[in-house]
Amino acid sequence: VDELVQEDIDRFAASFEGITKQYRLINRIGEGTFSTVYKAEDLLYDHFENDWDIEEKENNRYLTPNRRKEKRQPRRRAHYVAIKKIYATSSPIRILNELELLHDLRKCPSVCPLITAFRDKDQVIAILPYFQHRDFRDYFREMSIHDMRLYFQSLITALSSVHRHSILHRDIKPTNFLYSPEHARGVLVDFGLAEREGTDWHTCLCAFSPNERMMKQRTSIYAANQQEAAAQGTKQQPSYPKNDSRPSRRANRAGTRGFRAPEVLLKCTMQTCAIDMWSVGVVLLTLLAKRFPFFHSADDIDALLELTNVFGRKRIREAAIMHGQVFETNIPSYSENGYGFEKIILWCTERTKKDANGKRIETLDPEEVEAIRFLERLLDCDPQKRITADEALQHPFILAADH
Ligand code: ADP
Ligand code: MG
């Protein structure tokens, strides 16, 4: 352990009363905007003959030993733990939200369960079982299509149960899915931005039929135009207002840039669990294209332009209208219909050789094509048409993981 890290560990041990009585801090394993995570040994672990509580044991008395072992999976205690120190700068509501959601999800497969949590003055720590995993950057280039099937089966299994609880994770990305390629198992962590579906919802145009949407959109733009014309004492123009006086829209845009769904970027005010499936799609695109990060925009506008480059003006324009926005760009290089994923993946993996007639020599193999069919269902710009976690688990691409 490097000296500065050791200093930080010592400072943490000294600042949190009683922590060293139960835990031996080993290393610092994560440092982010909202938290620092330490690896530690639970010193009281041996005092419990094993890692589940009495009630559970009673309930499972009649199970066969093998079945009992299976049921032990969601551990209540663990010898090695991850201690997540949530910065005191986070609001108490935010911290409570994270712990509460983790508690609700404690029985979900592939979701890292919360063991317990402690508070000392303004400092809160969450205790999670330590999960052995590898850094995404170390293995993403080498993953075969079959490895990808296993990876997504595990990730989407987690999401399926999270979504059944009507909870959106909101920050699906490789660093929040701790995966061990050797065991083909992973756990979903970091519910710091998660929320219950429907929190703070305001009517968004996407809740209406296309016809109703068009009418409402027209009425709203007409009114804004009229207001602008009145303010400037000019005649109303039949176009989009230049100085729109309507209040700007506010919507939850938390998450990590590059993984945000179009409806998040377009400030949809009724975001659903579908935003997580988009992020899953970005991870699959990353793996197929072997480029990480695939998108790296500076801000939301930039991110929307990156999407336009891939998906074309038409689809982004349609997505904007769906959520009551207008999308216009004067960047000439963006095509109307974008590029297919086949082309993008061949480019990114440098399979661009052509014969004398300009015909592509290198092509994708059938497994990659199947992966792309799945990718298209994940990266659907329309959240209502996008594949859900449960549907994804039944998709041929994922079903083939078991063969
Ligand atoms: P943050 O909100 O700061 O991103 P996370 O919950 O994502 O916090 O944790 C940050 C990092 O700590 C993770 O990316 C991972 O490397 C490590 N980590 C978190 N939980 C565990 C765990 N249960 N086992 C092993 N490592 C973990
Ligand atoms: Mg994180």
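**View 1. Ile 83 of strand 3 faces its partner across the sheet.** In this close-up, Ile 83 has Ile 127 of strand 5 as its bridge partner. The model shown here, as in every view below, is predicted. Strand 3 and strand 5 run antiparallel and are joined by six bridges.

**View 2. Five strands build an open sheet.** Follow the strands in the order 1-2-3-5-4, and you will find antiparallel pairing. Strand 1 and strand 4 (116-120) are the edge strands, each pairing on one side only. Leaving direction aside, neighbouring strands of this sheet are turned by 25 degrees against each other on average. Helix 1 (residues 3-15) packs on the sheet, where it touches strand 1, strand 2 and strand 3. The direction of helix 1 makes about 120 degrees with that of strand 1.

**View 3. Ligand 1 sits among 19 surrounding residues.** The closest are Gly 30, Gly 32, Val 37, Ala 82 and Asp 190. At least two residues of the shell come from each of strand 1 (23-31), strand 2 (35-42), strand 3 (80-86) and strand 5 (123-129). Sorted by class, the shell holds eleven nonpolar, six polar and two charged residues.

**View 4. Helix 11 meets helix 12 at an oblique angle.** The axes of helix 11 (residues 300-311) and helix 12 (residues 313-322) come within 7 Å and cross at roughly 130 degrees; the two helices are therefore oblique to each other. On the helix 11 side, Leu 304, Leu 307, Thr 308 and Phe 311 make the contact, while helix 12 contributes Arg 313, Arg 315 and Ile 316. By class, this contact has four nonpolar, one polar and two charged residues.

Conventions:
Residues are numbered from 1 along each chain as its sequence is written. Chains are lettered from A and ligands numbered from 1 in the order in which they are written. This is a predicted model: local features need pLDDT of at least 70, side-chain atom pairs count only at pLDDT 80 or more; totals for chains, interfaces and linings use all residues. Axes are lines fitted to C-alpha atoms, for helices over the stretch in contact, and angles run from 0 to 180 degrees between N-to-C directions. Helices (H or I, at least four residues) and strands (E, at least two) are DSSP runs, numbered from the N terminus. Angles under 35 degrees count as roughly parallel, over 145 as roughly antiparallel, 65 to 115 as roughly perpendicular and the rest as oblique. Two residues are in contact if their C-beta atoms, placed from the backbone, lie within 7 Å. Ala, Val, Leu, Ile, Met, Phe, Trp, Tyr, Cys and Pro count as nonpolar, Asp, Glu, Lys and Arg as charged, and the others, Gly among them, as polar. A residue is near a molecule or strand if its C-beta atom, placed from the backbone, lies within 6 Å of it. Two strands pair if DSSP finds at least two bridges between them.
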